[in-house]
Amino acid sequence: MERYHPEELLACVIARLIGDARHVAIGAASPIPATGAFLLKHKVPALRISLLARRVGNPFTEGSRELFDLAGQGRIDVFFLGGAQIDGAANINLVEAEGRRFPGSFGSAYMYFSAGKTILFREEHSPRVLVKKVEFVSAPGWSPPEVQRRGGPAALLTSKALFRWQKEERRFLLESVHPGSSAADVRANTGFAYDAPAQVPATPVPSAAEIGLLRGPVAQVIAENYPAFARKVWGAASSPQAT
Amino acid sequence: MSALASNTTRFLADADALAREIADGASIGLPPDYSLVAMDVVRALVRRKAKDLKLIGVPQLGLCADLLIGAGCVREIETSAVTLGEAGLAPRFTAAAETKSLRIIDATCPMVHSGLQATEKGVPFMPMRGVLGSDLVGRHPDWKTIDNPFAEGDPLLLAKAIVPDVALFHARWADEAGNVWVGRRKELATIAHASKACYVTYEELYKGDMLEDELLAPGCISSVYVSAVAPAPRGAWPLGVPLVYGIDDAHLLRYAQMAKSDAGFRQYLQEFVWNATTPKSSSPASSRA
């Protein structure tokens with residue numbers, strides 16, 4: 001088996017989750033979703049990636065409000081959100097938990113409604129993050145029928161597992177468990193109730209071809225925009241100065 | 001005569017002179033770390049011991065807010081987030097929030113943009129979709145839900161017009177006519193249009209009038225909005241100006257470390273704010289802008 005970094009496995013899952021989208025937008029502080037999107041672009045060159053954090057060649061010319069205007073019109077197919085807390089109803093909390101203050105809600109309360117679908121992503125998989133009920137709803141996972149809402153949760157990806165969102169049931173379904181974890185480990189570390197099949201599949205590991213792309217051209221573009229992350233995962237060779 | 005109209009942009013000596021124009025208690029519309037922050041004026045506000053400021057993050061805030069909060073200059077903050085990006089949580093904001101020594105009005109990005117755009121258009125509010133069901137709605141004093149008057153059963157959220165006392169940012173150029181060039185950073189134009197006064201520091205003075213140049217004009221904010229400008233070479237440091245100097249990521253990490261404790265923050269102020277024998281040039285950009 002090819003050796004891989006955990007971040008590389010997550011990026012490969014992200015690429016599959018983005019699927020056949022035409023336009024994916026990625027917020028600040030989301031290096032793994034960005035890595036997954038740029039990996040997918042090697043298979044699907046027509047994929048448009050709008051990277052908000054891009055320091056040079058940023059995709060927007062109308063200032064930071066353009067992302068929200070694009071989303072409001074239905075021009076963003078996939079967006080990513082995280083949370084200090086995420087609950088079993090796919091509500092996310094980016095504001096405060098257990099007396100601790102977090103940066104804030106950013107554009108989540110809008111993007112969760114207006115992007116075609118949202119992939120929830122949080123590396124930490126623990127009962128303190130994946131809770132029964134969030135202490136503060138930055139953005140709700142569900143809206144009553146009278147509230148117009150184009151999109152919502154599609155999946156929740158963590159360092160241990162991938163959950164698929166079941167819209168009708170309003171519950172997560174455990175879809176696969178990453179190597180190194182187990183269905184029991186996921187159950188023990190998840191604070192909310194969810195559905196699971198009797199036999200939970202293992203998340204596929206990155207192929208040699210995927211690893212080649214990740215450590216080559218993908219690492220280069222990520223290092224330009226998320227330098228600290230690129231150094232952590234791929235070392236100094238990925239830094240822009242080294243090229 | 002309108003109190004807003006600005007026919008003559010004033011040219012001030014430096015960032016400190018600009019900071020003296022911003023009164024205690026003023027509300028200030030400020031951009032995020034990636035969008036031309038007037039850091040020299042922020043440091044000057046700390047030096048002049050500004051008080052009771054209200055910071056409005058358009059739509060979020062970073063280093064400038066953390067410095068002002070830590071230095072005791074801020075009474076209230078309205079923003080979608082405060083973050084140092086890859087350098088992590090903003091430590092002084094976080095400490096102030098957790099000790100409840102700061103009034104925080106949590107927002108979400110497009111509601112801030114829309115509130116400013118309402119002011120641009122001279123209307124009292126702007127309707128928006130989304131957001132309903134978020135706990136932000138109940139806590140925010142200036143958001144209200146209405147039914148779409150053109151359709152049945154279609155609730156919408158209204159963002160009340162936001163009118164900052166002051167717009168404050170940095171520009172690549174100011175010209176002799178008082179226009180400023182900010183390139184693609186159009187949120188700065190929105191802040192400038194919506195604010196009662198607008199103060200801008202600039203990297204370099206451009207000879208002539210940029211509005212006469214068809215290539216430069218689209219990146220300009222007209223002097224009609226600009227109250228005063230002042231020169232501040234490397235004035236956004238440790239943040240960046242695209243293609244001039246990059247964000248000093250190493251310095252941001254150092255700040256994030258030092259500001260974890262109040263004592264460390266005081267030491268940071270001593271080194272980089274009070275002693276303005278500024279080490280800006282000795283901290284080269286560690287990445288492209």
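Domain bounds here come from an automatic or database domain assignment, and I kept that in mind while working through this predicted model.

**Domains of chain B**

I looked up the domain assignment of chain B first and noted domain 1 (10–107 + 163–282) and domain 2 (125–160). I then took the C-alpha centres of domain 1 of chain B and domain 2 of chain B, and these lie 31 Å apart.

**Where chain B touches chain A**

I next turned to the contact between the chains, to which chain B gives 40 residues and chain A gives 41 residues. On the chain B side I found that helix H4 (91–98), helix H5 (109–121), helix H6 (135–139) and helix H7 (186–194) each supply at least two of the residues that touch chain A. Sorting that side of chain B by class, I recorded 14 nonpolar, 14 polar and 12 charged residues.

**The nonpolar core**

I asked myself which residues touch the most other members of the largest nonpolar core. In this core of 178 residues they are A:Ile14, B:Ala65, B:Leu68 and B:Val180. Helix H1 (residues 6–18) of chain A gives the most to this core, with 9 residues, and I also noted that the core draws at least three residues from each of domain 1 (10–107 + 163–282) and domain 2 (125–160) of chain B. Following B:Leu68 further, and leaving aside residues up to four places away in sequence, I listed its contacts as B:Val42, B:Leu45, B:Val46, B:Leu53, B:Leu55, B:Cys73 and B:Val74. As background I wrote down that in soluble globular proteins nonpolar side chains tend to be buried together.

**A helix pair in chain A**

In chain A I checked helix H6 (residues 208–225) against helix H7 (residues 227–234), and their axes come within 8 Å and cross at roughly 150°. From H6(A), the residues A:Arg215, A:Ala219, A:Ile222 and A:Ala223 meet A:Pro227, A:Phe229, A:Ala230 and A:Trp234 of H7(A). By class I entered this contact as 7 nonpolar, no polar and 1 charged residues.

**A sheet in chain A**

Last, I looked at an open sheet of 3 strands in chain A, which has mixed pairing and the order S5-S4-S9. Its edge strands are strand S5 (92–93) and strand S9 (130–131) of chain A, each of which pairs on one side only. I found that strand S4 (residues 85–87) of chain A runs antiparallel to S5(A) and is joined to S5(A) by 2 bridges. Which residue of S5(A) is the bridge partner of A:Gln85? I traced the partner to A:Asn93.

Notes:
Residues numbered from 1 in each chain as written. Chains lettered and ligands numbered in written order. Predicted model: local features only at pLDDT ≥ 70, side-chain atom pairs only at ≥ 80, totals over all residues. Contact = placed C-beta atoms within 7 Å. Helix = DSSP H or I, 4+ residues; strand = E, 2+ residues; numbered from the N terminus. Nonpolar A, V, L, I, M, F, W, Y, C, P; charged D, E, K, R; others polar. Axes fitted to C-alpha atoms, helices over the stretch in contact; angles between N-to-C directions. Pairing = 2+ DSSP bridges. Core = buried A, V, L, I, M, F, W, Y, C linked by C-beta atoms within 7 Å. Buried ≥ 20, exposed ≤ 12 C-beta atoms within 10 Å, placed from the backbone.
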